[in-house]
Structure formats: C-alpha cells, structure tokens
Amino acid sequence: MADDVDQEQTTNTSEEPLDLIRLNLEERICVKMRNDRELRGRLHAYDQRLNMILEDVEETVTTIEIDEETDEEIYKSTKWSIPMLFVRGDGVVPAAPPLRVG
C-alpha cells in the first residue's frame, strides 16, 4: 500500500528538468522552435536530447515584414496541420504545456 503511494508520488513529481516533459506524455504541448516557429501537438515520445514525436501537430510560422511607406512592422502567421512529426531537439527553444483556462 505504501509502495503504491510512493510510486504515484514519484510519477507525478518533477525532480529533474526532463521530468516536466515526462509528466506531459500523451498530452498536448506547445514547443517553441528556432526561426519563429511554434508547434502544438500531442507528445508521444522524447529523449534526453529533446528529440520528440508529436501527433496532430499545428505548426505556426511567424514572419515580420516592414511596410515601406510607414516603416511599421507587420506580423504574419502561417499555419498548417501535420498528422505526425519527428522534432529534432537541437531546434527546440523551450517546451511547455499550453495554458489551462479555468
């Protein structure tokens, strides 16, 4: 009985940086990538180098253009869906679960 409680506490706590990712296996996460790219998808697997396998991914690429007349920055986002994606860890900036609204 005590072992079950200890096991549950071990699986639901984070003691090392990658534990935060482990706690979100099979959950939807948001992954920021280099070059103003963002991925949102269900995390299936990862390794110590932050290589990840995501399912039902929505990729968003944000570009900034300068209006030549007003010199204002114009932000444009392009989105598309990808059924399954292997993410190479060296392109990952931070990874976090999406915000949960009340």
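Which residues make up the largest nonpolar core? I began here, keeping in mind that this is a predicted model, in which local features need pLDDT of at least 70, side-chain atom pairs count only at pLDDT 80 or more, and totals for chains, interfaces and linings use all residues. Residues are numbered from 1 along each chain as its sequence is written, and side-chain values use heavy atoms, with hydrogens and water left out.

**Entry 1, the core.** I found that the largest nonpolar core has 12 residues, namely Ile21, Ile29, Val31, Met33, Leu39, Leu43, Met52, Leu54, Val57, Ile82, Val87 and Val92. I took such a core as a set of buried Ala, Val, Leu, Ile, Met, Phe, Trp, Tyr and Cys residues joined through side-chain atoms within 4.5 Å; buried is under 20% relative accessible area, exposed is over 50%, and partly exposed lies in between (1.4 Å probe, protein chains only). At least two residues of this core come from each of the strands S1 (28-33), S2 (37-46), S3 (52-66) and S4 (73-87). Helices (H or I, at least four residues) and strands (E, at least two) are DSSP runs, numbered from the N terminus.

**Entry 2, Glu59.** I next looked up Glu59, which is found in strand S3 and is buried, with a relative accessible area of 4%. Not counting residues up to four places away in sequence, Glu59 touches Arg37, Glu38, Leu39, Thr78, Lys79, Trp80 and Ile82, where contact means heavy atoms within 4.5 Å. Among these neighbours, Leu39 and Ile82 also belong to the largest nonpolar core.

What does the side chain of Glu59 meet in a salt bridge? I noted that the partner is the side chain of Arg37, at 2.2 Å from N to O, a salt bridge being a side-chain nitrogen of Lys or Arg within 4 Å of a carboxyl oxygen of Asp or Glu. Arg37 lies in strand S2 and Glu59 in strand S3, so the pair ties together parts that are 22 residues apart in sequence. Arg37, for its part, is partly exposed, with a relative accessible area of 36%.

**Entry 3, the other salt bridges I checked.** The structure holds six salt bridges, and I followed those that involve Glu38. Lys32 pairs with Glu38, the closest N and O atoms being 2.8 Å apart, and the side chains of Arg40 and Glu38 meet at 3.2 Å, N to O. Lys32, Glu38 and Arg40 are thus recorded here as linked in a network of salt bridges. Within this network Glu38 counts as buried at 18% relative accessibility, whereas Lys32 at 39% counts as partly exposed, as does Arg40 at 33%.

**Entry 4, strand pairing and backbone angles.** I then turned to S3 and S4, which run antiparallel and are joined by 14 bridges; two strands pair if DSSP finds at least two bridges between them. Ile64 stands opposite Tyr75 in S4. The hairpin of S3 and S4 has six residues between the strands, and in it Asp71 takes a positive phi near 60°.

Where else did I note a positive phi in a residue other than glycine? Glu26 has a phi near 65°, and its place is in the loop between helix H2 (19-22) and S1, where Glu26 is partly exposed at a relative accessible area of 41%. Asp36, with phi near 55°, is found in the loop between S1 and S2.
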